[in-house]
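Thanks for coming. I will go through one structure today, starting with the ligand site and then turning to the core and the backbone.

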Amino acid sequence: MPGKISVSEIVVEPLSEKHKTLLNGFKSFEKELVDFLKNDALDNQEKKISKTHLFFHKPTGKLSGYITLLTDKISLHAELKEAFKKKGINYKSLPALKIGRLCVHDDFLRMGIGTHMLDWTVFVIKKINEFAGCRFITIDAKRNPDKSRDSIHFYKAKGFEIYKEREKGSTPMYKDLSKLSEE
Ligand SMILES: CC(C)(COP(=O)(O)OP(=O)(O)OC[C@H]1O[C@@H](n2cnc3c(N)ncnc32)[C@H](O)[C@@H]1OP(=O)(O)O)[C@@H](O)C(=O)NCCC(=O)NCCS
């Protein structure tokens with residue numbers, strides 16, 4: 001197993017025009033996520049659809065991963081609705097922050113970069129909560145024909161729960177941030 005990279009070795013930068021050329025060096029087995037970063041991330045950002053941040057590995061200066069966030073809500077279906085009712089919460093839906101895209105460069109897999117990006121997302125939600133309510137992180141977890149590359153393993157390891165099982169495509173998952181203090 002490769003060694004873990006510590007948070008002090010990471011620099012986070014908001015995606016901007018100045019990064020355009022270095023994006024060409026980004027590699028991932030999930031081609032769609034590479035294409036999004038190279039072709040759409042900046043455009044979506046300019047249109048205020050989503051916001052992307054780049055995670056650089058300080059010692060090598062390499063782009064180790066990126067994360068794209070947007071606002072979201074989670075509808076409380078039967079089981080969740082009941083669970084929240086017991087907590088005195090009677091709404092049909094609750095506010096969330098969605099991880100629209102999250103991808104680690106192939107050379108940095110299993111070194112803790114994905115974990116740092118999730119920890120950073122929690123930091124972002126804490127900031128948002130100073131101004132507006134936000135309770136969940138949501139994600140449509142990518143599946144891969146090669147099960148060992150399925151991102152569901154990662155999100156489960158990080159305390160996410162499955163919102164809805166689907167036969168095909170991505171699996172919607174969520175994490176209730178009120179549980180953070182219990183971890
Ligand atoms: C999913 C992904 C983001 C994980 O990032 P990562 O930096 O490699 O993950 P971490 O090193 O932080 O892993 C943390 C823990 O998650 C679990 N995990 C991560 N990848 C895993 C895998 N392929 N299989 C099983 N468990 C996995 C492990 O428990 C791991 O801890 P360990 O390495 O000490 O055993 C990365 O594999 C990736 O970018 N995949 C391609 C794109 C993608 O699927 N993105 C998500 C969908 S939007």
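What follows covers the ligand shell, the nonpolar core and two residues with unusual phi.

This is a predicted model, where local features need pLDDT of at least 70, side-chain atom pairs count only at pLDDT 80 or more, and totals for chains, interfaces and linings use all residues. Residues are numbered from 1 along each chain as its sequence is written.

The ligand, then. It is surrounded by 22 residues, counted when the C-beta atom, placed from the backbone, lies within 6 Å. The closest are Gly 114, Thr 115, Ser 151, His 153 and Ala 157. At least two shell residues come from each of β4 (93-104), α3 (113-128) and α4 (151-157); helices are DSSP runs of H or I, at least four residues, and strands runs of E, at least two. By type, the shell has ten nonpolar, seven polar and five charged residues.

Next, the largest nonpolar core, with 32 residues. Core members are buried (20 or more other C-beta atoms within 10 Å) and joined through C-beta atoms within 7 Å. Ile 137 and Ile 139 have the most contacts inside this core. β4 gives the most to the core, six residues. Contacts of Ile 137 include Ala 96, Ile 125 and Tyr 174, again with C-beta atoms within 7 Å.

Last, the backbone. Most residues other than glycine have a negative phi. Lys 48 has a positive phi of about 60°, in the loop between α1 and β2. Arg 110 has phi near 60°, in the loop between β4 and α3. Lys 48 is exposed, with 8 other C-beta atoms within 10 Å, and Arg 110 is exposed with 12; the cut-off for exposed is 12 or fewer.

Note on methods
Nonpolar A, V, L, I, M, F, W, Y, C, P; charged D, E, K, R; others polar. Contact = placed C-beta atoms within 7 Å. Lists of a residue's contacts leave out its neighbours within four places in sequence.
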